[in-house]
Amino acid sequence: MTVFINARLIDPETLTDTLGWLRIEQGVIAQQGTGTPPAGDQIECHGKCLAPGIVDLGVKVSEPGERHKESFASAGRAAAAGGVTTIVTRPDTLNAIDTPEVLEFVERRAAMDSIVNVKHMSALTKDRAGSEMVEIGFMKDAGAVAFTDCDHVVENTKVLQRCMTYARSLGVLVIGHPQEPTLSKGAAVTSGKFASLRGLPAVSPMAERMGVDRDIALIEMTGVKYHFDQLSTARALPALERAKKNGLDVTAGVSIHHLTLNEYDVGDYRTFFKVKPPLRSEDDRLAMVEAVANGTIDIIASMHTPQDEESKRLPFEEAASGSVALETLLPAAMRLIHSDQLTLPELFRAMALNPADRLGLTCGRLSIGAPADLVLFDPDAPFVMDRFKLKSKSKNTPFDGARMQGKVLGTWVSGQQVFEQAQNATATGLNQ
Amino acid sequence: MAFRQKHLLGIEPLHPTEITTILDVADSYVDLNRQAHKHSDALKGMTQINMFFENSTRTQSSFELAGKRLGADVMNMSMQASSIKKGETLIDTALTLNAMHPDLLVVRHPHSGAVDLLAEKVNCAVLNAGDGRHEHPTQALLDALTIRRAKGRLHRLSIAICGDIAHSRVARSNLILLGKMENRVRLVGPPTLIPAGMTELGCEVYEDMEEGLKDVDVVMMLRLQKERMDGGFIPSEREYFHRYGLDAAKLAHAKPDAIVMHPGPMNRGVEIDGTIADDINRSVIQEQVEMGVAVRMAAMDLLARNLRASKNSADQGIMV
């Protein structure tokens with residue numbers, strides 16, 4: 001029996017932020033309160049924040065195929081260091097996770113090597129090619145929590161309609177990437193003044209709205225349970241709001257990079273800032289932050305995408321997309337807290353509670369009986385990001401050299417501590 | 001005189017006085033080039049490598065001639081035929097060349113930003129001879145020199161850049177340079193060939209050519225880059241010539257003494273009427289080619305001076 005004392009309890013269900021204690025027992029949360037804490041092994045939290053561990057929907061672990069970029073072992077360590085207690089993997093691996101056999105392989109690998117919980121998503125169509133659906137029933141039985149072709153849009157609307165209809169009959173969640181694929185083909189940045197000056201192939205932000213519009217029509221047609229992996233533009237929001245108001249079973253996510261960076265961060269062709277969809281205008285970024293605060297956008301994800309140096313050290317157009325983010329998710333999100341655009345309970349609603357609810361998981365909350373997946377962090381501790389200190393095998397973070405605030409002090413999965421900040425690393429660390 | 005750059009990667013990093021400096025030096029090289037003895041020893045003992053990852057005859061020969069007239073050892077590498085085909089990355093190619101200790105590297109590459117990337121990895125001075133749709137600084141400088149010599153100034157002019165702006169690095173470098181020197185820049189072309197956000201850069205955009213050419217001092221035509229067309233930007237060449245090709249009727253809307261420019265190679269009958277191109281009272285297209293050699297000599301001369309200065313400082317133990 002362990003009791004966290006003197007903790008700021010960040011509760012995303014009640015949207016409260018109170019000083020108190022939390023008792024865990026046999027891996028689950030047993031009790032919480034504000035008065036005198038009960039007896040037990042006490043962990044002194046020094047008034048730092050204790051929140052449900054992050055549930056990160058959309059992490060690429062490069063197994064199978066590209067283990068030199070990231071493995072379950074390295075991703076697990078990175079997640080623990082970033083306060084992520086459940087990673088939900090993307091199937092955009094080499095090969096794609098599109099058969100029960102591959103799914104069982106990654107499940108076995110994850111169980112062996114990862115120190116945090118791992119849930120797996122399946123591809124929606126074979127090889128993510130957008131022509132034939134995977135064995136959705138078998139994949140569900142084998143443990144797939146959602147079905148997605150990741151950044152590949154199913155171009156053929158007929159195919160997508162059938163996938164959705166079939167998925168609806170099994171009650172599984174389908175995740176789509178909203179883009180009009182012929183408009184966004186080959187684009188490296190968002191169209192506008194910056195793209196024109198840099199002479200880079202660009203996509204209009206309108207392509208995202210067109211993708212949202214099509215998919216919402218299909219959700220209405222089929223009744224499928226649906227999630228947009230990443231929205232990034234203001235123009236896509238009204239359609240989403242309408243769909244929710246009309247009672248469609250739809251949710252949406254946003255990546256941490258689209259909440260904290262804008263198109264100008266690319267600067268002189270810095271490829272670590274090349275992500276998909278591309279970074280947007282500052283107006284769009286602010287609209288996304290606002291949408292998270294008011295609940296229109298449900299989920300914040302890291303969209304962790306490891307890339308080796310070789311695939312990034314290329315001319316911008318040719319360079320690979322994506323950024324590692326498991327360890328920078330929380331400190332980057334703290335920027336929104338420190339700028340008073342979001343509160344901590346709202347943040348953990350988007351990073352823990354909502355993704356857990358959407359996938360039918362019991363974690364992501366501080367309520368009694370929930371798994372004791374917890375993160376203890378200091379929201380104010382400053383540091384300068386050094387990409388070579390990341391635990392990910394790949395170091396492609398856009399935050400290299402950035403001044404950040406917010407350090408994870410400790411991470412627990414089912415009551416077991418999986419990460420502890422080195423004692424001398426921070427003046428506000430544990431046990432001092 | 002001030003020119004502090006280590007590389008010439010684009011017009012964007014240049015200060016207006018640096019642009020003026022290059023043009024002033026280039027003026028002196030125009031005089032030199034018109035003499036029987038055309039040699040200087042500004043680059044004596046230096047090695048210039050021309051690396052062209054994209055086909056070019058005009059720009060490459062202009063750089064080659066410029067280097068030779070300044071006394072450099074010039075080597076041309078046609079990169080399409082070489083290691084790129086064997087799968088070597090741009091950075092490895094750069095490091096290989098760097099090990100040969102060149103002093104000046106002239107690079108053209110089909111991808112925007114590729115020359116910036118390369119410049120980070122080598123010790124020599126890098127000149128951008130065109131990267132993707134990004135910049136082509138020596139073209140903008142030679143255009144500026146041509147305008148300054150024809151008009152007697154390079155400020156408070158009204159200049160129309162016409163045609164395929166979207167695919168043109170020449171247009172980008174030109175509009176940045178002309179803006180920095182305080183001119184009014186108009187962009188004229190079909191909306192499918194005008195990139196987004198241009199008005200935010202201070203340009204006026206015209207879809208009607210006659211309106212766009214009204215009272216301008218300079219008409220700058222661009223090549224309709226057929227090889228860059230994905231298809232479907234314009235209905236046909238003949239419709240393009242009808243609406244956006246420069247002929248006497250459209251040119252009549254410009255000022256009576258307006259000059260006509262074209263970076264070449266021209267598609268006669270597509271973007272420009274042959275008789276306009278050949279009209280010695282209006283067209284300065286041949287002067288542009290002449291200025292090209294002089295401007296490239298000036299740019300390489302200035303970069304070499306900075307290179308020598310930093311080497312001297314390094315030899316004396318001064319941190320640079």
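Helices here are DSSP runs of H or I with at least four residues, and strands are runs of E with at least two, each numbered from the N terminus. With that in hand, chain A has 13 helices and 18 strands, while chain B has eleven helices and nine strands. Keep in mind throughout that this is a predicted model.

Let's begin with the overall form of chain A. For its 432 residues, the compact-globule rule gives a radius of gyration near 22 Å, and chain A comes out at 21 Å, in agreement with the rule. Along the principal axes, the C-alpha atoms of chain A fill a box of roughly 60 × 50 × 40 Å. Buried residues account for 63% of the chain. The accessible surface adds up to about 15,900 Å², and 48% of that belongs to carbon and sulfur atoms. If you look at contacts in chain A between residues at least 6 apart in sequence, 74% of them join residues at least 24 apart. As for charge, chain A carries 45 positive and 54 negative charges, and their mean positions are 2 Å apart.

Now put chain B through the same checks. It has 320 residues, for which a compact globule would have a radius of gyration near 20 Å; chain B has 20 Å, so the rule and the model agree. Its C-alpha box is roughly 60 × 45 × 40 Å along the principal axes. In chain B, 58% of the residues are buried. About 13,500 Å² is exposed, with carbon and sulfur atoms supplying 50% of it. Of the chain B contacts with a separation of 6 or more, 74% come from residues 24 or more positions apart. The 37 positive and 41 negative charges of chain B have mean positions 3 Å apart.

Next, zoom in on a helix in chain A. Helix α1, residues 72–81, is mostly covered, with nine of its ten residues buried. Among the buried ones are A:Phe72, A:Ser74 and A:Gly76, along with several alanines that include A:Ala78, A:Ala79, A:Ala80 and A:Ala81. In an α-helix there are 3.6 residues a turn, so residues three or four places apart point the same way. What, then, covers the buried residues of α1 in chain A? The cover includes helix α2 (100–113) and the strands β7 (84–89), β8 (117–122), β17 (403–413) and β18 (416–420), which belong to chain A as well. Just after α1, A:Gly83 takes a positive phi of about 80°.

Chain B offers a single residue worth following, B:Ile22. You'll find B:Ile22 in helix α1 of chain B, which runs over residues 16–33. Buried or exposed? B:Ile22 has a relative accessible area of 0%, so it counts as buried, the cut-off being under 20%. Leaving out residues up to four places away in sequence, B:Ile22 touches B:Phe3, B:Leu14, B:Leu141, B:Val295, B:Ala298, B:Ala299 and B:Leu302. One of these partners, B:Phe3, is 19 residues away along the chain, and the two C-alpha atoms are separated by 7.9 Å.

That leaves the salt bridges, of which the structure holds 38 over all chains. In chain A, A:Glu25 pairs with A:Arg23, and their closest N and O atoms are 2.4 Å apart. A:Arg23 counts as buried at 13% relative accessibility, whereas A:Glu25 is partly exposed at 33%.

Over in chain B, the side chains of B:Glu204 and B:Arg184 meet in a salt bridge with an N to O distance of 3.0 Å. This pair links distant parts of the chain: B:Glu204 is in strand β7 (residues 204–206), B:Arg184 is in strand β6 (residues 184–188), and the two are 20 residues apart. B:Arg184 is exposed, with a relative accessible area of 51%, while B:Glu204 is partly exposed at 24%.

Another chain B bridge joins the side chains of B:Lys214 and B:Asp215, at 3.7 Å from N to O. Both ends are partly exposed, with relative accessibility of 47% for B:Lys214 and 41% for B:Asp215. Salt bridges can also share partners, and in chain A this joins A:Glu63, A:Arg67, A:Arg109 and A:Asp113 into one network.

Definitions and conventions:
Residues numbered from 1 in each chain as written. Chains lettered and ligands numbered in written order. Predicted model: local features only at pLDDT ≥ 70, side-chain atom pairs only at ≥ 80, totals over all residues. Heavy atoms only, no water. Rg over C-alpha atoms; globule rule 2.2 N^0.38 Å. Buried < 20%, exposed > 50% of the residue type's maximum accessible area, 1.4 Å probe, protein only. Contact = heavy atoms within 4.5 Å. Areas by Shrake-Rupley, 256 points an atom, 1.4 Å probe, with all protein chains shown as cover. Lys, Arg positive; Asp, Glu negative; His and termini not counted. Charge placed at Lys NZ, Arg CZ, Asp CG, Glu CD. Salt bridge = Lys/Arg side-chain N within 4 Å of Asp/Glu carboxyl O.
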